[in-house]
Amino acid sequence: MRTDRNKTDAHSETIEMAEQIRALCSVVTKLARADLDSHLKQHDSGISAIEHGVLRHLSHGVTSMAEISRMMGVAPSTLVYVVDGLTGKKLVKRVKDPKDRRREPLLLEKKGAALLARFPKMDAGSALVRSLESMPGSRRRELVALLNELVKEFAGSDRMYLNAESAEAVRTKRKEAKS
């Protein structure tokens with residue numbers, strides 16, 4: 001009887017923690033999106049945060065609108081308008097899949113890749129960077145490790161995207177160390 005109550009209490013505590021994490025992630029996402037919008041405007045990019053997200057996914061090799069829609073949590077109907085805008089700006093191209101005429105994979109145009117490369121991915125003055133810098137280095141590393149541990153069980157292309165982001169961060173760090 002006591003063991004069942006302990007399990008129930010632990011389960012309830014885990015649910016409360018999950019709710020807290022969801023709320024905290026929502027705050028971080030909102031701040032990060034506002035930072036990104038500001039960053040894009042500051043660098044005169046001519047694109048919105050959602051357009052930037054599409055370009056980033058394409059730069060990581062994701063070509064399906066359905067997959068990008070799922071990964072970004074954006075309705076496919078919304079993404080159609082975003083992609084139309086990006087194709088109009090000659091940043092993205094729709095191509096025909098020779099194996100399946102119904103599919104129209106997306107390709108990042110050279111102009112789109114150049115736009116992404118033109119400005120830093122993260123603004124050093126962003127709220128997220130400032131907040132992380134207020135923490136000791138060991139706590140920052142611990143936070144990243146814990147978040148990686150949290151998402152390690154997430155399946156599918158979300159993991160692939162996170163792995164690609166991590167690999168890219170390592171490459172960037174190596175380049176910076178060489179210069």
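This section describes the fold of the protein chain, the packing of its helices and a set of loop residues.

The model is predicted. The protein chain contains eight helices and two strands, and its elements follow the order α-α-α-α-β-β-α-α-α-α from the N terminus. Of the 179 residues in the protein chain, 25% are buried. Among contacts with a separation of 6 or more, 50% involve residues 24 or more positions apart.

Helix α2, residues 49-59, is treated here in some detail. Nine of its eleven residues are buried, so α2 is largely enclosed by the rest of the structure. The buried residues of α2 comprise Ala 49, Gly 53, Val 54, Leu 55 and Leu 58, together with Glu 51, His 52, Arg 56 and His 57. Two of the helices that pack against α2 are α3 and α4, as set out below.

The axes of α2 and α3, the latter spanning residues 65-72, come within 11 Å and cross at roughly 120°. Angles of 65 to 115 degrees count as roughly perpendicular and those over 145 as roughly antiparallel, and α2 is therefore oblique to α3. The crossing in which α2 passes α3 is right-handed. On the α2 side, the contact involves Ile 50, Gly 53, Val 54, His 57 and Leu 58, and these residues meet Ile 68, Met 71 and Met 72 of α3. By class, the residues of this contact are six nonpolar and two polar, with no charged residue.

Helix α4, residues 76-88, packs against α2 at an angle of about 80°, with the two axes 10 Å apart. The two helices are therefore roughly perpendicular to each other. The contact is formed by Ile 50, Glu 51, Val 54 and Leu 55 of α2, and by Thr 78, Leu 79, Val 82, Val 83, Gly 85 and Leu 86 of α4. Its residues divide into seven nonpolar, two polar and one charged. Ile 50 and Val 54 of α2 appear in the contact with α3 and also in the contact with α4. Gly 53, which meets α3, is among the buried residues of α2, as is Glu 51, which takes part in the contact with α4.

Helix α5, residues 110-118, has Gly 112, Leu 115 and Leu 116 as its buried residues. These cover an arc of only 95° around the axis, which puts them on the same side of α5. In general, an α-helix has 3.6 residues a turn, so residues three or four places apart point the same way. The face of α5 turned away from the buried side carries the exposed residues Lys 110, Lys 111 and Ala 117. The cover over the buried residues of α5 includes α2 and the strand β2 (106-108). Helix α2 thus contacts α3 and α4, and is also part of the cover of α5.

The segment that follows α2 contains further points of interest. Gly 61, just after α2, takes a positive phi of about 90°. His 60 is placed in the loop between α2 and α3 and, at 15% relative accessibility, counts as buried. The C-alpha atoms of His 60 and Leu 108 are 9.8 Å apart in space, while the two residues are 48 residues apart in sequence.

A second pair separated along the chain involves Arg 103, in the loop between β1 and β2. Its C-alpha atom is separated by 8.3 Å from that of Ser 64, 39 residues apart along the chain. With neighbours within four places in sequence left aside, Arg 103 is in contact with Thr 63 and Ser 64, and with Val 95, Lys 96 and Asp 97. Arg 103 has a relative accessible area of 33% and is therefore partly exposed.

Backbone conformation was also examined in the loops. Most residues other than glycine have a negative phi. Asp 44, however, has a positive phi near 55°. Asp 44 lies in the loop between α1 (2-42) and α2, and its relative accessibility of 64% means that Asp 44 counts as exposed. Lys 90, likewise not a glycine, has a positive phi of about 65°. Lys 90 lies in the loop between α4 and β1 (92-94) and counts as exposed, with a relative accessibility of 54%.

Notes
Residues numbered from 1 in each chain as written. Predicted model: local features only at pLDDT ≥ 70, side-chain atom pairs only at ≥ 80, totals over all residues. Heavy atoms only, no water. Axes fitted to C-alpha atoms, helices over the stretch in contact; angles between N-to-C directions. Helix = DSSP H or I, 4+ residues; strand = E, 2+ residues; numbered from the N terminus. Parallel < 35°, antiparallel > 145°, perpendicular 65-115°, else oblique. Left-handed = near helix turned anticlockwise from the far one by under 90°. Contact = heavy atoms within 4.5 Å. Nonpolar A, V, L, I, M, F, W, Y, C, P; charged D, E, K, R; others polar. Buried < 20%, exposed > 50% of the residue type's maximum accessible area, 1.4 Å probe, protein only. Arc of directions from axis to C-beta.
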